Amino acid sequence: VKSYNPAEGTGYITCSLNADVWFGKQCLPEELQWSEDLAGVTVSFRLEPSNDGRLRAEDDSVRPHDPQTTSLAAPKRKTRVIPLASNEAPKESKKAQKRKAAKKQFDNALMDLLSAPASSGSVAAIDAISTADAAKQKNVGDQNGKEETAMQTVRRKMVIRTATKSAPKKKTKKREKQVQVQDTCEDLQEEAVAVDEVLKPCCKLCDQPVFDIIEDEEDEDEPGHFGKSLGVCKRHLREFENQKKRLTKWAAEDYAADANELHGLCSFSAREFHRGFCRDKVKLKLLVEYLLEKGIDPEAEGYADHSPLEDAVNEWKALKKTVECKESEVGKGIRSGKQLNQQKEEQEAEEGLRNVVLVLAMKWKEGEGRVSDFFEFKEDCEKLAAEAQSDSQLQDEE
């Protein structure tokens, strides 16, 4: 034997082979498995094939060559042999039976206490637990019994604490008064919030509150100024600012350098804008008012020195004439679905562009706009302005 570690239960045998032979504790006789003096002992063994290619001794095959080697065996442990006459379990001692009965009595009392509501019956349950503990202390006198008794004492204190917490507490007059004051304050706060929600104005385009938060009163570009004056929420203010950027781009594409966002309202590039956004008169009017409050000049000169209203009327007249011509051609022949869709889009664009003319004409009559005396459609501007003033959707509600 080259080496053997009884704690790990492994060792190696040196022999005439080219490598050491591994063996485990299960290869030795039972009396030598815990021996620490096997190194140097001559043994015989049988080899066992292994999958990993390592030399290995077969189980229960390592035997000392010298019979006197059995003196190296570790002393055997004394074990208690319980004779069994049959397959029945060994009988418990009287001491163990008493300890088991006391524990069962304690557990039953504890379950009764936890399952029942906290009341005067809790005291009786605690007395029963104390009686069970006393019996257990009488029957258990060793160290294990003392530790068990200490644990039961802790459990009894936990049960008493639980019963105390679950018992209803009497409210003092001071506590009742504090609770009444707190409830009254909460009711007043709820009523105040409800009143604020009722009194605070809502957006003209949705149910959200008007955005009127002004951080700097001297800053004229503060969004809260526009939200308060127009009566719109923060979301629609953001939408108007995005539309303003689009109008600036369209005005630069279709008109002269001096054209502004009001000229962009009637540009040819805004046909999709006319079919969608401009068909809502209320939203269109608020957008125009937003542009005017932003400082956009309603009298600025665009194409051929025309004002935004004059350009809008010219574009509307041209688009209206195109739509009427295509409607007159419907009865002359069958048209394809693509042509019908195009005609429908042009009709929707004409409706939106007419709303632009109505809003600008109404603002012209209110002093924000310009129409030249030599403008050929001035009478149409007068009629459209009168129509806009009688339109309920374009009038501000009280």
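**A first walk through the model**

Hi everyone, let's start with one pair of residues: Glu58 and Arg46, whose side chains form a salt bridge, with N and O 3.3 Å apart. Glu58 sits in the loop between strand 6 and strand 7, while Arg46 sits in the loop between strand 4 (43-44) and strand 5 (47-48), so this pair ties together parts twelve residues apart in sequence. Please keep in mind throughout that we are looking at a predicted model.

How exposed are these two partners? Glu58 has a relative accessibility of 29%, so it counts as partly exposed. Arg46 is partly exposed as well, because its relative accessible area is 46%.

Now stay in that neighbourhood and find Ser61, in the loop between strand 6 (56-57) and strand 7 (63-64). Is Ser61 buried or exposed? Ser61 is buried, because its relative accessibility is 5% and the cut-off for buried is under 20%. Its side chain comes to 2.5 Å from the backbone oxygen of Glu58, and Glu58 is the residue we just met in the salt bridge with Arg46. Beyond its neighbours within four places in sequence, Ser61 also touches Cys27, Ser44, Phe45 and Arg46. So Arg46 turns up again here, as a contact of Ser61.

Let's step back to the whole protein. We have 398 residues, and 33% of them count as buried. They are accompanied by a secondary structure of twelve helices and seven strands. If you take the contacts with a separation of 6 or more, 59% come from residues 24 or more positions apart. The accessible surface is about 26600 Å², and carbon and sulfur atoms hold 49% of that.

Next, the inside. The largest nonpolar core has 53 residues, and those touching the most other members are Leu262, Leu265, Phe273, Leu287, Val288, Leu309 and Val356. Several helices each give at least two residues to this core, among them helix 5 (223-230), helix 6 (234-254), helix 10 (308-328) and helix 12 (378-390). Which helix supplies the largest share? That is helix 11, with ten residues.

For a closer look, pick Leu262. Setting aside neighbours within four places in sequence, its contacts include Val288, Leu291, Leu292, Ile296 and Leu360. There is also a second, separate core of twelve residues, and Cys27 is one of its members, along with Val1, Val21 and Phe23. You may remember Cys27 as a contact of Ser61.

Let me finish with charges. The whole structure holds 18 salt bridges. One of them joins Glu239 and Lys283, with the closest N and O atoms 3.6 Å apart. Glu239 is in helix 6 and Lys283 in helix 9, so this bridge ties together parts 44 residues apart in sequence. Glu239 is partly exposed, because its relative accessibility is 22%, whereas Lys283 counts as buried at 18%.

Another bridge brings together the side chains of Arg279 and Glu351, at 3.4 Å from N to O. This pair links distant parts of the chain, 72 residues apart: Arg279 is in the loop between helix 8 (271-275) and helix 9, and Glu351 is in helix 11. Arg279 is partly exposed at 35%, and Glu351 is partly exposed at 35% too.

Last one: which residues are joined into one network by salt bridges that share partners? They are Lys285, Glu289, Lys363 and Glu366. Thanks for listening!

Key: Residues are numbered from 1 along each chain as its sequence is written. This is a predicted model: local features need pLDDT of at least 70, side-chain atom pairs count only at pLDDT 80 or more; totals for chains, interfaces and linings use all residues. Side-chain values use heavy atoms; hydrogens and water are left out. Helices (H or I, at least four residues) and strands (E, at least two) are DSSP runs, numbered from the N terminus. Buried means under 20% relative accessible area, exposed over 50%, partly exposed in between (1.4 Å probe, protein chains only). A polar contact is a pair of N or O atoms within 3.5 Å; within protein, one must be able to donate a hydrogen and the other to accept it, and residues adjacent in sequence count only if both atoms are side-chain atoms. Contact means heavy atoms within 4.5 Å. Accessible areas come from the Shrake-Rupley method with a 1.4 Å probe; for residues, only the protein chains shown count as cover. A nonpolar core is a set of buried Ala, Val, Leu, Ile, Met, Phe, Trp, Tyr and Cys residues joined through side-chain atoms within 4.5 Å. A salt bridge is a side-chain nitrogen of Lys or Arg within 4 Å of a carboxyl oxygen of Asp or Glu.
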